[in-house]
Amino acid sequence: MLATFNVPEEDPEHARSAVEAACAILACVAQREFAGERIHVRIGVNTGALVAGNVGGGGRQSYTVHGDTVNLAARLEALCKEHGTSLLLSASTAKALPEAKLIAVGDIAVRGLAERVTVFSI
């Protein structure tokens with residue numbers, strides 16, 4: 001699932017809203033069974049510029065987002081498994097939350113990026 005904050009409507013607290021939503025999802029999943037099964041989810045959160053809008057044609061359109069910001073969030077979600085966590089945040093998201101108590105995971109290599117990325121968890 002892909003969720004966006006700050007588009008299409010502006011949210012000055014978009015980073016906080018995204019992390020709060022991620023924590024709420026993780027808490028819900030930890031407390032419940034779904035169809036008799038315990039499930040595990042992984043979430044990647046990144047903050048930055050992106051392109052948003054409707055795409056498609058022929059009567060079939062959808063609202064979506066594209067760009068490096070979106071790609072990094074997806075890569076962080078995938079890296080959760082490797083780093084033994086359910087939530088990874090980028091440095092740009094951490095910077096937008098100066099009062100949050102975050103745990104530095106480290107500088108990690110991310111597929112498709114030349115430079116390592118500093119990531120955090122809760």
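The following conversation goes through a predicted model and asks how some of its features come by their names.

User: What makes the pair Glu13 and Arg16 a salt bridge?

Analyst: The closest N and O atoms of Glu13 and Arg16 are 2.9 Å apart, and a side-chain nitrogen of Arg within 4 Å of a carboxyl oxygen of Glu is what the term requires, so the pair meets the definition of a salt bridge. In general, side chains of opposite charge can pair when their charged atoms come close.

User: Why is Glu13 called partly exposed?

Analyst: Glu13 has a relative accessibility of 42%, and the class called partly exposed lies between buried, which is under 20%, and exposed, which is over 50%, so Glu13 belongs to that class. Arg16, with a relative accessible area of 28%, also counts as partly exposed.

User: Which parts of the chain does the salt bridge between Glu99 and Arg16 tie together?

Analyst: Glu99 lies in the loop between helix H3 (91–95) and E5, while Arg16 is in helix H1, so the pair ties together parts that are 83 residues apart in sequence. The closest N and O atoms of this salt bridge are 2.6 Å apart, a value that falls within the 4 Å limit. Glu99 is itself partly exposed, at 48% relative accessibility.

User: How do you know that Glu77 and Arg42 form a salt bridge, and where in the chain are they?

Analyst: For Glu77 and Arg42 the closest N and O atoms are 3.2 Å apart, and the limit is 4 Å, so this pair also satisfies the definition. Glu77 sits in helix H2 and Arg42 in the loop between H1 and E1, and the pair links these distant parts of the chain, 35 residues apart. With relative accessibilities of 25% for Glu77 and 37% for Arg42, each of these residues counts as partly exposed.

User: How many salt bridges does the structure hold, and which residues are joined into one network?

Analyst: The structure holds three salt bridges, and those that share partners join Glu13, Arg16 and Glu99 into one network.

User: What makes strands E1 and E5 the edges of the sheet?

Analyst: The sheet is open and has four strands in the order E1-E4-E6-E5, with mixed pairing. Strand E1 (43–45) and strand E5 (103–108) each have a single partner strand, so one side of each is left without a neighbour in the sheet. Direction ignored, neighbouring strands of this sheet are turned by 30° against each other on average.

User: How do you know that E4 and E6 count as paired strands?

Analyst: Strand E4 (residues 87–90) and strand E6 (residues 117–121) are connected over two bridges, in the antiparallel sense, and at least two bridges are needed for two strands to pair, so the requirement is met. Within this pairing, Ser90 stands opposite Val119 in E6.

User: Which helices lie on this sheet, and what angles do they make with its strands?

Analyst: Helix H1 (residues 14–31) lies across E1 and E4 and runs at about 175° to E1. Helix H2 (residues 68–83) packs on the sheet, where it touches E1, E4, E5 and E6, and its direction makes about 135° with that of E4.

User: What volume does the largest pocket have, and what lines it?

Analyst: The largest pocket has a volume of about 760 Å³. Of the 28 residues that line this pocket, the closest to its centre are Leu2, Ala3, Phe5, Gly44 and Val45. H1, E1 and H2 each supply at least two residues of the lining, and H1 gives the most, with six residues.

User: What makes the bond between Val7 and Pro8 stand out, and what is noted about Asn6?

Analyst: Most residues other than glycine have a negative phi, and most peptide bonds are trans. The peptide bond that joins Val7 and Pro8 is cis, with an omega of about 5°, and Pro8 is found in the segment before H1. Asn6, also found in the segment before H1, has a positive phi of about 90° although it is not a glycine.

User: Why is Ala35 called exposed?

Analyst: Ala35 has a relative accessible area of 83%, and exposed means over 50%, so the name applies. This residue lies in the loop between H1 and E1, and its phi is positive, about 55°, although it is not a glycine.

Methods
Residues are numbered from 1 along each chain as its sequence is written. This is a predicted model: local features need pLDDT of at least 70, side-chain atom pairs count only at pLDDT 80 or more; totals for chains, interfaces and linings use all residues. Side-chain values use heavy atoms; hydrogens and water are left out. Axes are lines fitted to C-alpha atoms, for helices over the stretch in contact, and angles run from 0 to 180 degrees between N-to-C directions. Contact means heavy atoms within 4.5 Å. Buried means under 20% relative accessible area, exposed over 50%, partly exposed in between (1.4 Å probe, protein chains only). On a 1 Å grid over the protein atoms alone, a cavity is a set of points where a 1.4 Å probe fits but cannot get out, and a pocket is an open set with protein on both sides within 12 Å along at least five of seven lines; lining residues have an atom within 4 Å of a point. Grid points are joined across faces, edges and corners, and a volume is the space filled by probe spheres set on the points.
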